[in-house]
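Thanks for making the time this morning. I would like to walk through one structure with you, going from the strands to the backbone angles, then to the salt bridges and a pocket.

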Amino acid sequence: MAQGDVERLQEIYVAINDAQDDALLKLLHPDFVYTTREEPADTGSHLTTDVLRRVARLKEMFRDVRFEPEEFISAGESVVVVVHGTGLGRVSSAPVDERVFHVWTFRDAKAVALALYSDRGRAVAAAGPS
């Protein structure tokens with residue numbers, strides 16, 4: 001894992017948390033693919049604007065949404081990030097507090113893929129050998 005990748009990831013999470021859409025888009029490769037936990041690996045969203053829509057939808061459903069990276073794990077050409085996600089339901093005010101695992105891949109110094117996992121072991125296995 002390159003130090004530059006970690007620095008870019010930190011910038012990405014700041015951009016997401018602070019709703020800096022333009023800054024986020026500058027960090028994503030034009031071929032960016034985003035795959036949620038519900039989608040098979042080969043059916044992710046293929047547009048960077050899909051990421052903005054998904055983040056906006058989360059922020060519509062939840063107040064005070066935050067994604068705080070806690071750990072960066074080198075895994076071959078990818079980086080697994082342990083993320084602490086928090087928020088409050090807009091309607092119910094129910095708290096959300098969970099750990100999720102993001103697998104990021106970079107190309108040309110930009111994020112080209114993000115896959116989300118609920119399980120650390122699956123995320124690390126999907127990322128490849130460390």
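**Strands, salt bridges and a pocket**

Let me begin with a single pairing, in which R66 has T86 of strand β3 as its bridge partner. Please keep in mind throughout that this is a predicted model.

Strand β3 covers residues 78–89, and 10 of its 12 residues are buried. On one side, β3 runs antiparallel to strand β2, residues 62–75, and 11 bridges join the two. The hairpin that β2 and β3 make has two residues between the strands, and in this hairpin G76 adopts a positive phi near 65°. β3 also pairs with strand β4, residues 95–107, again in the antiparallel sense and over 11 bridges. Within that pairing, V83 finds its bridge partner in V100 of β4. The hairpin of β3 and β4 has five residues between the strands, and S93, which sits in the turn, shows a positive phi of about 60°.

That brings me to the backbone angles. Most residues other than glycine have a negative phi. Against that background, D64 deserves a look, with its positive phi near 55° in a residue that is not glycine. D64 belongs to strand β2, and its relative accessible area of 56% makes it exposed. A109 is another non-glycine residue with a positive phi, here about 65°. A109 is located in the loop between β4 and β5, and with a relative accessible area of 45% it is partly exposed.

Now to the charged side chains: how many salt bridges does the structure hold? The count is six, and I will take some of them in turn.

In one of them, the side chains of D5 and R8 meet at 3.0 Å, N to O. These two residues are three apart in helix α1, residues 3–17, and therefore about one helical turn separates them. D5 is buried, because its relative accessibility of 12% is under the 20% cut-off.

Another salt bridge links E70 with R99, whose closest N and O atoms are 2.6 Å apart. Since E70 lies in strand β2 and R99 in strand β4, this pair ties together parts that are 29 residues apart in sequence. Both ends count as partly exposed, E70 with a relative accessible area of 42% and R99 at 41%.

What, then, does R120 do? R120 forms a salt bridge with E71, in which the closest N and O atoms are 3.1 Å apart. Here R120 belongs to helix α4, residues 120–127, and E71 to strand β2, so the contact ties together parts that are 49 residues apart in sequence. R120 is partly exposed at 35%, and E71 is likewise partly exposed, at 33%. Beyond these pairs, D18, R66 and E68 are joined into one network by salt bridges that share partners; R66 is the residue I began with, the bridge partner of T86.

Finally, I turn to the second largest pocket, which has a volume of about 160 Å³. It is lined by 10 residues, of which T35, A113, L114, A115 and Y117 are the closest to its centre. The elements that contribute two or more residues to this lining are β1, β4 and β5, and the largest share, four residues, comes from β5. As for the chemistry of the lining, eight of its residues are nonpolar, two are polar and none is charged.

Notes: Residues numbered from 1 in each chain as written. Predicted model: local features only at pLDDT ≥ 70, side-chain atom pairs only at ≥ 80, totals over all residues. Heavy atoms only, no water. Buried < 20%, exposed > 50% of the residue type's maximum accessible area, 1.4 Å probe, protein only. Pairing = 2+ DSSP bridges. 1 Å grid on protein atoms, 1.4 Å probe; cavity = no way out; pocket = protein on both sides within 12 Å on 5 of 7 lines; lining within 4 Å. Points joined across faces, edges and corners; volume = space filled by probe spheres on them. Nonpolar A, V, L, I, M, F, W, Y, C, P; charged D, E, K, R; others polar. Salt bridge = Lys/Arg side-chain N within 4 Å of Asp/Glu carboxyl O.
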